[in-house]
Amino acid sequence: MGGHSINDAYEKLEKIGQGTYGKVYKARDRATGRLVALKKTRLEMEEEGVPSTALREVSLLQMLSESPYVVRLLRVEHVEEDGKAMLYLVFEFLDQDLKQYMDMTGRGSANPLPKEVVQNYMYQLCLGCAHLHKHGVMHRDLKPQNMLVDKAKNVLKIADLGLGRAFSVPVKSYTHEIVTLWYRAPEVLLGGSHYSTPVDMWSVGCMFAEMARKQPLFPGDSELQQLLHIFKLLGTPSEQTWPGVSNLRDWHEFPQWRAQDFSKLIPQLDEHGIDLLQKLLVYDPAKRIHATDALEHPYFDSLDKSQFAAIEREFEMEFLREKENRMTH
């Protein structure tokens with residue numbers, strides 16, 4: 001799509017947010033009537049045209065879109081606005097995130113999510129992470145607001161794999177709102193610079209507990225508070241439990257707490273659920289469970305997994321249809 005205006009192709013309906021990397025609009029595709037999310041990103045131009053980093057990330061997003069558990073990047077529109085090069089990423093539109101879904105049924109442990117829903121969504125979350133991690137990508141900012149719910153298909157999708165993920169953990173968002181720390185792994189909070197995909201599995205653990213008990217596990221409002229929340233619950237880490245922890249940039253002598261009993265804390269989870277949660281919330285990232293191993297955990301033994309084969313088949317069909325449509329247009 002060359003130089004014509006984005007408004008020729010899409011009707012912007014409302015601004016639905018400021019992503020970490022730019023404005024996001026709900027819009028309608030004029031050709032198909034389909035609702036989409038438009039993410040507008042400004043390109044810092046290089047001499048020879050579009051920056052290679054942006055193109056690399058876009059092709060990565062397109063590759064990651066090939067899973068039903070990741071929000072689909074439908075197309076990329078390259079336009080010029082006021083003499084500036086802009087990139088519009090066109091994503092499928094979903095109108096509810098996991099936080100809104102949880103709030104809908106009431107907050108707090110008096111209003112639990114059905115155990116089957118927790119188990120099902122947790123499995124899909126691990127499928128989504130396994131897909132990202134297989135491609136060597138970490139999300140770094142997984143939280144209920146970044147998990148979108150497709151209620152019609154009962155599918156949970158990872159969103160906001162924004163441009164710029166390759167560089168650092170977002171601390172402030174695009175609009176300078178404080179980014180939530182509740183799901184952030186301790187190695188990041190302690191200023192570690194060499195972290196990897198286990199940071200996402202920590203976030204998955206936090207969301208697992210939150211789905212089960214309908215309230216956040218570690219609701220800190222500063223990096224220090226966040227660490228103290230974690231230490232009070234899991235016990236203060238040491239060189240014995242987490243080799244190398246005292247070499248992390250922001251490590252100092254913290255008060256010594258002992259680990260609490262998870263099964264008392266989250267009675268909604270059975271012993272398998274508690275075991276999986278403990279394997280996700282392991283301090284040492286090298287010992288934290290991987291997404292692919294989590295999928296094999298006994299907690300999921302009672303889950304009917306044939307539904308995911310069906311979800312994937314339907315997704316494949318849709319994906320191919322779209323591809324054909326793109327070829328013919």
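This tour goes from the whole chain to one helix pair and then to its cysteines.

**Whole chain.** Start with everything shown. This is a predicted model. The protein chain holds 11 helices and seven strands. Colour by burial next: 52% of the 329 residues count as buried. The exposed surface of the protein chain comes to about 16200 Å², and carbon and sulfur atoms supply 51% of that area. Now turn on contacts. Among those between residues at least 6 apart in sequence, 65% join residues at least 24 apart.

**Helices α4 and α6.** Select residues 115-134 for α4 and residues 198-213 for α6. The axes of these two helices lie 10 Å apart, at an angle of about 170 degrees. That angle is over 145 degrees, so α4 runs roughly antiparallel to α6.

**Their contact.** Show side chains on both helices. On α4, pick Val118, Tyr121, Met122, Leu125, Cys126, Cys129 and His133. They meet Asp200, Met201, Val204, Met207, Phe208, Met211 and Ala212 of α6. By class, the residues of this contact are 12 nonpolar, one polar and one charged.

**Cysteines.** Stay on α4 and zoom to Cys126. Is Cys126 buried or exposed? Its relative accessibility is 0%, so Cys126 counts as buried. Next, measure the gap from its sulfur to the closest cysteine sulfur. That partner is in Cys129, 6.6 Å away, which is too far for a bond. The cut-off for a disulfide is within 2.5 Å. Across the model, the count comes to zero disulfides. Finish at Cys206, also a buried residue, with a relative accessible area of 1%.

Conventions. Residues are numbered from 1 along each chain as its sequence is written. This is a predicted model: local features need pLDDT of at least 70, side-chain atom pairs count only at pLDDT 80 or more; totals for chains, interfaces and linings use all residues. Side-chain values use heavy atoms; hydrogens and water are left out. Axes are lines fitted to C-alpha atoms, for helices over the stretch in contact, and angles run from 0 to 180 degrees between N-to-C directions. Helices (H or I, at least four residues) and strands (E, at least two) are DSSP runs, numbered from the N terminus. Angles under 35 degrees count as roughly parallel, over 145 as roughly antiparallel, 65 to 115 as roughly perpendicular and the rest as oblique. Contact means heavy atoms within 4.5 Å. Ala, Val, Leu, Ile, Met, Phe, Trp, Tyr, Cys and Pro count as nonpolar, Asp, Glu, Lys and Arg as charged, and the others, Gly among them, as polar. Buried means under 20% relative accessible area, exposed over 50%, partly exposed in between (1.4 Å probe, protein chains only). Accessible areas come from the Shrake-Rupley method with a 1.4 Å probe; for residues, only the protein chains shown count as cover.
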